[in-house]
Amino acid sequence: MDEPERTEWQIRCAFNGFCKRTLKNESINAHKELKKRQAHEINFSDLTPKEENQLYACEDFFAEDKEKQTFFAGGKELSAKLIADAIHNLPEEKRRAVLLYYFFDMSDAEIAALYQIPRSTVQYRRTSSFELLKRYLEEHVYDYPDW
């Protein structure tokens with residue numbers, strides 16, 4: 001009876017040794033990966049002003065005359081002013097939902113938390129505003145003198 005208990009003990013010790021070696025090797029690999037990553041990374045505070053200026057890009061899409069900017073949607077040419085007027089024509093709560101979601105990249109949950117309303121309400125306001133925008137654009141697309 002003494003022999004089976006000894007075999008179980010040896011198996012347990014071998015398994016413990018295997019686990020310890022595995023953990024040690026994984027720790028070594030993690031430290032090597034961390035050092036490798038740190039060798040390639042630079043803190044923002046260590047950048048020169050010239051390098052800092054290369055970290056962003058300016059979008060010059062609206063740099064020209066804003067009145068002349070046009071977009072094509074649904075087979076029609078829409079001016080930036082017409083789109084802005086359409087958004088401005090929305091009810092206040094729907095306008096907020098559209099602007100925060102599409103122009104400020106906030107999620108429905110973030111907007112809901114900001115105004116302390118249910119997320120589903122934000123989603124409804126945002127999606128229902130599409131019909132209002134569509135109707136406004138269809139009614140006013142020919143009101144602008146450019147067409």
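How far apart in helix α4 are Arg 95 and Glu 92? Keep that one in mind for a second. They sit three residues apart, so about one helical turn separates them. I'm starting there since helix α4 is where I'd like to spend most of this talk.

Before that, a quick word on what we're looking at. Hi everyone, by the way. This is a predicted model, so please hear everything I say with that in mind.

Okay, the overall layout. There are six helices and two strands in the chain. If you walk along from the N terminus, you go α-α-β-β-α-α-α-α. So the two strands come after a pair of helices, and four helices follow them. The chain is 147 residues, and 18% of those count as buried. On the outside, about 12,300 Å² is exposed, with carbon and sulfur atoms supplying 55% of that. And about contacts: take the ones between residues at least 6 apart in sequence, and 48% of them join residues at least 24 apart.

Right, back to helix α4. It's 12 residues, and from the first C-alpha to the last it reaches 16 Å, close to the 16 Å you'd expect at 1.5 Å a residue. Several of its residues are buried: Lys 94, Arg 95, Ala 97, Val 98 and Leu 100. What's covering them? Among the elements that do it are α3, α5 and α6.

Now the charged part. The side chains of Arg 95 and Glu 92 meet in a salt bridge, 2.8 Å from N to O. But Glu 92 has another partner, Arg 96, where the closest N and O atoms are 3.1 Å apart. Arg 96 is four residues from Glu 92 in the helix, again about one turn. Put those together and Glu 92, Arg 95 and Arg 96 make a linked network of salt bridges.

So how covered up is each of the three? Arg 95 is buried, at a relative accessible area of 17%; the cut-off for buried is under 20%. Glu 92 is partly exposed at 37%, and Arg 96 is partly exposed too, at 35%.

The whole structure holds five salt bridges, and I'll show you one more. Over in helix α3, Lys 81 pairs with Asp 85, closest N and O atoms 3.5 Å apart. Those two are four residues apart, so here as well the separation is about one helical turn. Lys 81 is partly exposed at 34%, and Asp 85 is partly exposed at 23%.

Let's go to the far end of α4. Phe 103 lies in that helix, which covers residues 92-103. Is Phe 103 buried or exposed? Exposed, with a relative accessible area of 54%. And it has company: Tyr 102, Phe 103, Phe 104 and Phe 130 make a nonpolar surface patch of about 470 Å². Just after the helix, Asp 105 takes a positive phi of about 50°.

Last stop, the cysteines. How many disulfides does the count come to? Zero. As for two cysteines you can find near the start of the numbering, Cys 13 is partly exposed at 35% relative accessibility, and Cys 19 is partly exposed at 26%.

To wrap up, if you take one thing back to your desk, make it helix α4: a salt-bridge network of Glu 92, Arg 95 and Arg 96, plus Phe 103 in a nonpolar surface patch. Thanks!

Definitions and conventions
Residues are numbered from 1 along each chain as its sequence is written. This is a predicted model: local features need pLDDT of at least 70, side-chain atom pairs count only at pLDDT 80 or more; totals for chains, interfaces and linings use all residues. Side-chain values use heavy atoms; hydrogens and water are left out. Patches are made of residues with over 30% relative accessible area and no salt bridge: like charges are joined within 9 Å, nonpolar side chains (Val, Leu, Ile, Met, Phe, Trp, Tyr) within 5 Å. Accessible areas come from the Shrake-Rupley method with a 1.4 Å probe; for residues, only the protein chains shown count as cover. A salt bridge is a side-chain nitrogen of Lys or Arg within 4 Å of a carboxyl oxygen of Asp or Glu. Buried means under 20% relative accessible area, exposed over 50%, partly exposed in between (1.4 Å probe, protein chains only). Contact means heavy atoms within 4.5 Å. A disulfide is a pair of cysteine sulfur atoms within 2.5 Å. The expected span of a helix is 1.5 Å times one less than its number of residues.
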